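Reader: Hello! I would like to learn how to read a structure like this one, feature by feature. Could we start with a single residue and go on from there?

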Amino acid sequence: MSEKELRVSKIRDGTVIDHLAAGQALNVLAILGIDGSGGEGVSIGMNIPSDRLARKDIVKVEGRELSQSEVDVLSVISPEATINIIRDYEVVDKKRVERPEEVTGVVSCPNRNCITNADEPVASRFEVLSDGLRCGYCGDIVREGEVAENLDVS
Ligand code: CTP
Ligand code: ZN
């Protein structure tokens, strides 16, 4: 990619989440619990022309790697995403997200009466469907477009 086309600067250390479905960048920040208050450097690009997708979003987070649960939830809202680990400006690891059979943590169940929302030490667990998530405890469904509104922000 030429200098002319580079829209978001390269980072020294951290994670580049690339090939996000257009429109998902802000949801990705929500999934990662990033609102700027943590002090980490964050760059986002939205609706960037891409070879693989017509348009893509991209999120670059400095000084931070992602947990497997975070990557699992990302796969639900952006199955084509690529996670690049950057160290000293080099891409040292690149992997496509994989749609897991279930996701634990990160998302909370929308059913207020679900055991996972009671004062019990029960972590959320969802079965991954083709278009959303099903709570493993009460069966409530979180559709793909509703994931961002049902994040466990604790
Ligand atoms: N990147 C970055 N900072 C770096 C290195 C790379 O922000 N120090 C970004 C690039 O801009 C790109 C992504 O990380 O968006 C992956 O980098 P690279 O593998 O070099 O790019 P491509 O070959 O285009 O990736 P792909 O094949 O996954 O499309
Ligand atoms: Zn539930």
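Author: Gladly, and Cys-135 is our starting residue: its relative accessibility is 4%, so it counts as buried. The general idea is a scale of relative accessible area: under 20% is buried, over 50% is exposed, and partly exposed is in between (1.4 Å probe, protein chains only). Before we go on, this is a predicted model, in which local features need pLDDT of at least 70 and side-chain atom pairs count only at pLDDT 80 or more, while totals for chains, interfaces and linings use all residues. Residues are numbered from 1 along each chain as its sequence is written, chains are lettered from A and ligands numbered from 1 in the order in which they are written, and side-chain values use heavy atoms, with hydrogens and water left out.

Reader: Which residues coordinate the zinc ion (ligand 2)?

Author: To read a metal site, look for donors, which are N, O and S atoms within 2.8 Å of the metal (3.2 Å for Na, K and Ca); water is not among the atoms, so sites may look incomplete. Here, the zinc ion is held by the SG atoms of Cys-109, Cys-114, Cys-135 and Cys-138, at 2.3 to 2.4 Å. Along the chain, these donors follow the spacing C-x4-C-x20-C-x2-C. Cys-135 is buried, whereas Cys-138 is partly exposed, because its relative accessible area is 31%.

Reader: Why is the arrangement around the zinc ion (ligand 2) called tetrahedral?

Author: Geometry is read from angles: four donors count as tetrahedral if all angles lie between 85 and 135 degrees; four count as square planar and six as octahedral if opposite donors are over 155 degrees apart and all others between 65 and 115; anything else is irregular. The 4 donor atoms here subtend angles of 97 to 115 degrees, so the arrangement is tetrahedral.

Reader: Now for the other ligand. Which residues come nearest to ligand 1?

Author: A residue belongs near a molecule or strand if one of its heavy atoms lies within 4 Å of it. Ligand 1 has 13 residues around it, and those that come nearest are Ile-11, His-19, Lys-60, Tyr-89 and Lys-94. By class, this shell has 6 nonpolar, 2 polar and 5 charged residues. In this scheme Ala, Val, Leu, Ile, Met, Phe, Trp, Tyr, Cys and Pro are nonpolar, Asp, Glu, Lys and Arg are charged, and the others, Gly among them, are polar.

Reader: Which atom of ligand 1 is 2.8 Å from a polar backbone atom of Tyr-89?

Author: That question is about polar contacts, which are pairs of N or O atoms within 3.5 Å; within protein, one must be able to donate a hydrogen and the other to accept it, and residues adjacent in sequence count only if both atoms are side-chain atoms. An oxygen atom of ligand 1 lies 3.2 Å from a side-chain N or O atom of Asp-18. His-19 also places a polar side-chain atom 3.2 Å from an oxygen atom of the ligand. For Tyr-89, the partner of the backbone atom is a nitrogen atom of ligand 1, at 2.8 Å. Taken alone, the ligand exposes 600 Å², and the protein buries 69% of that; such areas come from the Shrake-Rupley method with a 1.4 Å probe, and for residues only the protein chains shown count as cover.

Reader: Which elements give two or more residues to that shell?

Author: They are strands S1 (14–21), S3 (55–62), S4 (82–87) and S5 (90–96), and S1 gives the largest share, 3 residues. Elements are DSSP runs numbered from the N terminus: helices (H or I) have at least four residues and strands (E) at least two.

Reader: Where is Tyr-89 found?

Author: Tyr-89 is in the loop between S4 and S5, and Asp-88 has its place there too. Backbone angles can be read here as well: phi is near 50 degrees in Asp-88, a positive value in a residue other than glycine. Tyr-89 is another such case, with phi near 75 degrees. Asp-88 is exposed, because its relative accessible area is 51%, while Tyr-89, at 46%, is partly exposed.

Reader: Last one: how many residues apart along the chain are Ile-58 and Ala-81?

Author: Sequence separation and distance in space are read side by side. Ile-58, in strand S3, is 23 residues from Ala-81 along the chain, and their C-alpha atoms are separated by 9.0 Å. Glu-102 and Gly-39 are 63 residues apart in sequence and 31 Å apart in space, C-alpha to C-alpha.
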